[in-house]
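User: I'd like to talk through how the side chains pack in this one. Can you take my questions in turn?

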Amino acid sequence: MVTKRQITNDWKQLFPELKKTRLLEMDNRLGPLITGIYLKVIRNTYYTPVFYVHNLCREYSSITTSLECTSETIELEKHEERYMFSAERLKNKLLIPLKGDVSIDKIIEGYKLFLSNPKRKSFEEYKDIALVCGWYGEKKKLDDILEYIWNNVQKDKNHPFFRNKDRGAEGWFERICEDSSDYERLHEICEREIQKHKVEKLPYRNII
């Protein structure tokens with residue numbers, strides 16, 4: 001039977017731009033984002049490769065998984081014959097590239113594509129993309145994203161997500177505007193989160 005260590009090492013060879021951070025997980029950093037792949041093992045029989053993003057502009061007690069996309073689920077015993085095919089499928093589905101510097105427009109496009117999916121379970125990615133644009137520091141990009149967010153949540157103002165927010169969707173949006181406009185604070189939060197989650201030594205890529 002193939003071991004989890006071997007599975008991780010095989011995937012790491014196909015994604016040399018990522019650093020193995022723990023068993024079944026490999027990451028790098030893109031500006032204020034951690035981008036990576038984790039291999040989700042199911043009942044010690046199957047595993048599913050999952051691409052994800054974590055935003056270091058927000059204070060979290062642990063690494064979160066956003067913008068998730070997956071490839072096929074593989075039986076552990078069929079790992080060697082299936083993993084290369086699965087990795088190619090995953091590469092073609094990535095919402096944000098895992099390799100090289102990436103433009104802010106490409107990142108915005110990835111978030112918008114995720115948010116356009118009616119099956120997504122969260123509104124938090126709206127805030128994430130505003131904070132990334134705020135961290136990036138180009139006012140026009142941030143203003144455009146804030147307009148996009150406001151226009152898109154209008155149809156969802158009565159969604160349960162907003163019921164426990166102070167002043168509903170309007171209050172939630174005002175807080176996003178406030179948090180995303182403070183460039184220096186976003187950089188300070190990001191640096192603290194890097195230290196907290198011990199990700200200083202991850203390979204680093206620039207947002208351009």
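User: Let's start with an aromatic pair. Are Tyr 126 and Trp 172 buried or exposed?

Analyst: Keep in mind that this is a predicted model. The cut-off for buried is under 20% relative accessible area. Tyr 126 and Trp 172 both come out as buried.

User: How are the rings of Tyr 126 and Trp 172 arranged?

Analyst: Their centres sit 6.4 Å apart, with the planes at 85°. Planes over 60 degrees apart fall in one class, so the Tyr 126 and Trp 172 pair is edge-to-face.

User: And how many residues apart in sequence are the parts that this pair ties together?

Analyst: Tyr 126 belongs to helix α4, while Trp 172 belongs to helix α6 (residues 168–180). The pair therefore links parts whose separation in sequence is 46 residues.

User: What about Trp 150 and Phe 173: which class does that ring pair fall in?

Analyst: Trp 150 is in helix α5 and Phe 173 in helix α6, so this pair ties together parts 23 residues apart in sequence. The ring centres are 5.0 Å apart and the planes make 40°. That angle is neither under 30 degrees nor over 60, so the pair is tilted.

User: Is Trp 150 buried, exposed or partly exposed?

Analyst: Its partner Phe 173 is buried, at 14% relative accessible area. Trp 150 has 26% relative accessibility, and buried would need under 20%. So Trp 150 counts as partly exposed.

User: Moving on to the nonpolar core, which helix gives the most to it?

Analyst: The largest nonpolar core has 63 residues, and those with the most contacts inside it include Trp 11, Ile 149 and Trp 172. Ile 149 also touches Trp 172, as well as Tyr 126, Ala 130, Phe 173 and Ile 176, leaving out residues up to four places away in sequence. With 7 residues, the top contributor to the largest core is helix α4 (residues 124–136).

User: How do helices α3 and α5 run relative to each other?

Analyst: The axes of α3 (residues 104–115) and α5 (residues 139–153) come within 12 Å and cross at roughly 5°. Angles under 35 degrees share one label, so α3 and α5 are roughly parallel.

User: How many charged residues are in that contact of α3 with α5?

Analyst: Contributors from α3 are Ile 104, Asp 105, Ile 108, Lys 112 and Leu 115, and α5 brings Lys 141, Ile 145 and Tyr 148. Of the contact residues, 5 are nonpolar and none are polar, and the number charged is 3.

User: Last one: what is the relative accessible area of His 79?

Analyst: His 79 is in helix α2 (residues 79–93). Beyond its neighbours within four places in sequence, His 79 contacts residues including Val 2, Trp 11 and Tyr 47. His 79 is buried, and its relative accessible area is 0%.

Key: Residues numbered from 1 in each chain as written. Predicted model: local features only at pLDDT ≥ 70, side-chain atom pairs only at ≥ 80, totals over all residues. Heavy atoms only, no water. Helix = DSSP H or I, 4+ residues; strand = E, 2+ residues; numbered from the N terminus. Buried < 20%, exposed > 50% of the residue type's maximum accessible area, 1.4 Å probe, protein only. Contact = heavy atoms within 4.5 Å. Axes fitted to C-alpha atoms, helices over the stretch in contact; angles between N-to-C directions. Parallel < 35°, antiparallel > 145°, perpendicular 65-115°, else oblique. Nonpolar A, V, L, I, M, F, W, Y, C, P; charged D, E, K, R; others polar. Core = buried A, V, L, I, M, F, W, Y, C linked by side-chain atoms within 4.5 Å. Phe/Tyr/Trp six-rings, centres within 6.5 Å; stacked < 30°, edge-to-face > 60°.
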